[in-house]
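Q: I am new to this structure and would like a close look at a single part of it. Please start with one piece, then follow it outward to whatever it touches.

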Amino acid sequence: MGASRIMERRRVGSLFMVAMRFLVLSGMFLGCFSASNQPIPSGLGNSLVLPIHGNVYPQGFYSVSLYIGNPPKPYFLDIDSGSDLTWLQCDAPCISCIKGPHKPYKPNKNIVKCNDPMCSAFYWPSHPPCKSPQEQCDYEVKYADHGSSLGVLVNDFFSLPYGNGSVPGTSLSFGCGYDQNFPGPNVPFTDGVLGLGYGKSSIVTQLKNLGMIRSVVGHCLSGQGGGFLSLGDGFSDIPGMIWTPMSRKSGENSYLLGPADLLFNGQSSGVKGLSLVFDSGSSYTYFNAQAYKTTLSLLRKSVNGKLKETADETLPVCWKGRQPFRHVSEVKNYFKPLALSFTKAKTQLQLSSESYLIISKHGNACLGILNGSEIGLGDSNIIGDISFQDKMVIYDNERQLIGWAAKDCNRLPKS
């Protein structure tokens, strides 16, 4: 939803506006799955595989469809590796909700209370700001693009398709958001957010604790639109996968990598020591002020006299040719490749022109790397969807590694 959805937690007072305050939490349906620590065999059959819809441009987001509730109802969720909490717009009643593809979720005696472990998981390493253990567990999440969701945690059934075709009913905790605020005109047409971070409240962590999957997330975003999402380790052995250690900071649940040096056409750009966040909730890639200005200067020099810079409302920096462009492949000879070289791991993330340019509706080539300092990101650097296209990206929390490899993301894998 906008620039990036790296999440900040906020403690809030109880604002739930219906007469459900002290209702008993519904029981957990675990089926044949237990919260044991027994090892889970690897393989595609032990991954949840979901088709992805959307694109970087013009839609500006990628989403999956999940069936939630009993009876199950469909909801479209924006996939977000930059945050933990999954939430749906919620009729509780709704104070401020954004128009979505489906009616808001309606809770039914399934509120999480403050004494529930999931409430503590959301606020960890802090403690829930509750006056009584029987109070409802409120939440507020704020994102780097200044959007927010306010609501209460609930528990309900998820119908989750495994790679082997089974669809078990599993009870999971998520946010029932009755007060959303997302500034700007480009708000994704979804019912909420699927948080894919590794925090204790994440759906990924909940499924791991139920013994259903390993804590591994993968996404394959097609440059033509669509792709697939996997939860579990069924894709960890893809040939050519480049693995780089995660950087973990206390109190920080983002997928961090670094330090990295920025290369331009295989040569040093002079920008070194970048810390990077891999965030599928961001449509575009954001560099800090120094890295952005250096990148823009080098690109301008490389296309000088070949393309003309032009105004375009789509993105801040665009170029036009003699004729309108139809596809990024038509301009790749004008734009040099970038790369992020991880100095400690001795690995590189290659960024061809398809990984940092879009073609606007006006036929211009526009730069999909933006200046993060202009939206308050400070020295942070975010790798977004545009740079993930046509790559399988794996977040392996078990081994604390992030991997990527070139892959055709147009076909949903078979078990």
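A: A residue is called buried here when its relative accessible area is under 20%, and exposed when it is over 50%. With that in hand, let's begin with helix α3, keeping in mind that this is a predicted model.

Helix α3 covers residues 289–303, which makes 15 residues. From its first C-alpha to its last it reaches 21 Å, close to the 21 Å expected at 1.5 Å a residue. Its buried residues are Ala291, Tyr292, Thr294, Thr295, Leu296, Leu299, Ser302 and Val303. After the helix comes glycine 305, with a positive phi near 85°.

What does leucine 367 touch, leaving aside its neighbours within four places in sequence? The list is Tyr292, Leu296, Leu299, Leu315, Val317, Trp319, Tyr356 and Leu357. Tyr292, Leu296 and Leu299 are also among the buried residues of α3, so these contacts lead from the helix to leucine 367.

Leucine 367 also has a place in a wider group. The largest nonpolar core holds 91 residues, and Leu367 is one of those with the most contacts inside it, along with Leu229, Phe278, Phe335 and Leu340. Strand β14, residues 252–264, is the element that gives the most to this core, contributing six residues. Apart from it lies another core, of 13 residues, including Cys119, Phe122, Cys137 and Phe182. As a general point, nonpolar side chains in soluble globular proteins tend to be buried together.

Now back to leucine 367, which sits in strand β23 (residues 365–367). Strand β23 pairs with β22 over three bridges, in the antiparallel sense. One pair to look for there is isoleucine 358 with its bridge partner in β23, cysteine 366.

These two strands belong to an open sheet of four, ordered β18-β19-β23-β22, with antiparallel pairing. Why do β18 and β22 each have one side without a neighbour in the sheet? Both stand at the edges, β18 at 308–310 and β22 at 357–359, and each has a single partner strand, so one side is left free of a neighbour. Neighbouring strands of this sheet are turned by 35° against each other on average, direction ignored.

For another view of strand surroundings, turn to β26, residues 391–396. Six of its six residues are buried, so β26 is largely enclosed by the rest of the structure. In a regular strand, side chains alternate between the two faces of the sheet. In β26 both faces are covered: Lys391, Val393 and Tyr395 are buried on one side, and Met392, Ile394 and Asp396 are buried on the other.

Strand β26 has antiparallel partners too. Strand β10 (residues 216–221) is joined to β26 by five bridges, and cysteine 220 has methionine 392 as its bridge partner there. Strand β27 (residues 401–406) is joined to β26 by six bridges, also running antiparallel, with lysine 391 standing opposite alanine 406. The hairpin of β26 and β27 has four residues between the strands, and glutamine 400 takes a positive phi near 55° in it.

How values were computed
Residues are numbered from 1 along each chain as its sequence is written. This is a predicted model: local features need pLDDT of at least 70, side-chain atom pairs count only at pLDDT 80 or more; totals for chains, interfaces and linings use all residues. Side-chain values use heavy atoms; hydrogens and water are left out. Buried means under 20% relative accessible area, exposed over 50%, partly exposed in between (1.4 Å probe, protein chains only). Two strands pair if DSSP finds at least two bridges between them. A nonpolar core is a set of buried Ala, Val, Leu, Ile, Met, Phe, Trp, Tyr and Cys residues joined through side-chain atoms within 4.5 Å. Contact means heavy atoms within 4.5 Å. The expected span of a helix is 1.5 Å times one less than its number of residues. Axes are lines fitted to C-alpha atoms, for helices over the stretch in contact, and angles run from 0 to 180 degrees between N-to-C directions.
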